[in-house]
Amino acid sequence: MGGDNAPHAVIKGAVRAVKRNPSTAFILVGQEEVIREQLKLEGVAEGTFQIQPATQVVEMGEHPLVALRTKKDSSMRVGANLVKSGDADAFVSAGNTGALMATARFVLKMLPDIDRPAIASMMPNVDGQTLMLDLGANVDCTAEHLVQFALMGQVYCTAVLGNKKPRIGLLNIGEEDMKGNGVVKDAGEQLKLTNEFFIGSVEGTDIFLGSVDVVVCDGFVGNVSLKSTEGVAQMLSHFLRQAFSTSLFAKLGYLLAYPALRRFRSRVDHRRYNGAMLLGLNGVVVKSHGSADSFAYSHAIEVAIGLAENRVNEKIHRAVVESGSTEGETS
């Protein structure tokens, strides 16, 4: 029930995902009458989805703590409970990010020996994709948190992407060791000693140049970077449309360039990278962009399926234990 385009975008996205993953069972959580009406409008066959009723809805602007305390039968809370009980392997939501984080952490708790959850997502680069975390869950981080984020990112790359030697970089204002604030410098020193895949500090440009596989930062820096990237993509799209509409010759040029432009748009289409993972929780939770359409939402579902099938949480816990990082504020 969450997101700007719920429930139709969610249901249409799930229909797309069903076609690509016929062996996966899907549960739609929310107000049953609304869901059934939308399924009829979409012409979805009876029995395609299981429906789990939830009477309440967390509004997009609602305070996370208010939602946590007063919306115990929201689709968000019920969805998290399904993961906790083992009736679902993963939960996807396009709802209020703060409420989702608070609810998921309250219901599922953290993995043992992990202090904080991190929002992680893929970003396009010239060679493929770069995993970036944290993208907004933790505004203030210690060096130890950044070290844990690096380890979680490493596990995701090896378990899901098949990259056995992911290059891990710490986002900084320069590549030199003496640059950055105290937390970043301390984290860099720790990573040198504890993570064989750490390549040092990287700059914002490295995210997109394919020179690093995992970029680690605190949630404040990560969220600003993410939103700036989305803004630049929208600006470039606007400039392209504007340039090709200035004259008849420009429009003819557009027709000639259309195949190349379509490939370019597909490569940088932010919808293909929808689905931010809440790594570190004791259960699989994926956050879809609130404005996601059905195409984007189906990609968030694909992310959740990948996390569940590859048992990423179990592998993160094992990696933390093997690294000896057993001290923290786990709650």
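What should the 13 residues of helix H7 (residues 182-194) span at 1.5 Å a residue, and how far apart are the end C-alpha atoms? I looked up both: the expected span is 18 Å, and the end C-alpha atoms are 18 Å apart, which agrees. The expected span is 1.5 Å times one less than the number of residues. Helices (H or I, at least four residues) and strands (E, at least two) are DSSP runs, numbered from the N terminus.

Note on the source: this is a predicted model, where local features need pLDDT of at least 70, side-chain atom pairs count only at pLDDT 80 or more, and totals for chains, interfaces and linings use all residues. Residues are numbered from 1 along each chain as its sequence is written, and side-chain values use heavy atoms, without hydrogens and water.

Next I checked burial on H7 (buried is under 20% relative accessible area, exposed over 50%, partly exposed in between; 1.4 Å probe, protein chains only). Val184, Ala187, Gly188 and Leu191 are the buried residues. They sit on the same side of H7, because their arc around the axis is only 105 degrees. I take the arc from the directions from the helix axis to the C-beta atoms. Exposed Gly182 and Leu193 lie on the face turned away from the buried side.

Then cysteines. I found zero disulfides in the whole structure; the cut-off is a pair of cysteine sulfur atoms within 2.5 Å. Why no bond for Cys141? Its sulfur is 8.4 Å from the closest cysteine sulfur, in Cys217, too far for a bond. Cys157 is in no disulfide either, with the sulfur of Cys217 the nearest at 14 Å. Cys157 is buried, at 2% relative accessible area. Cys141 is buried too, at 13%.
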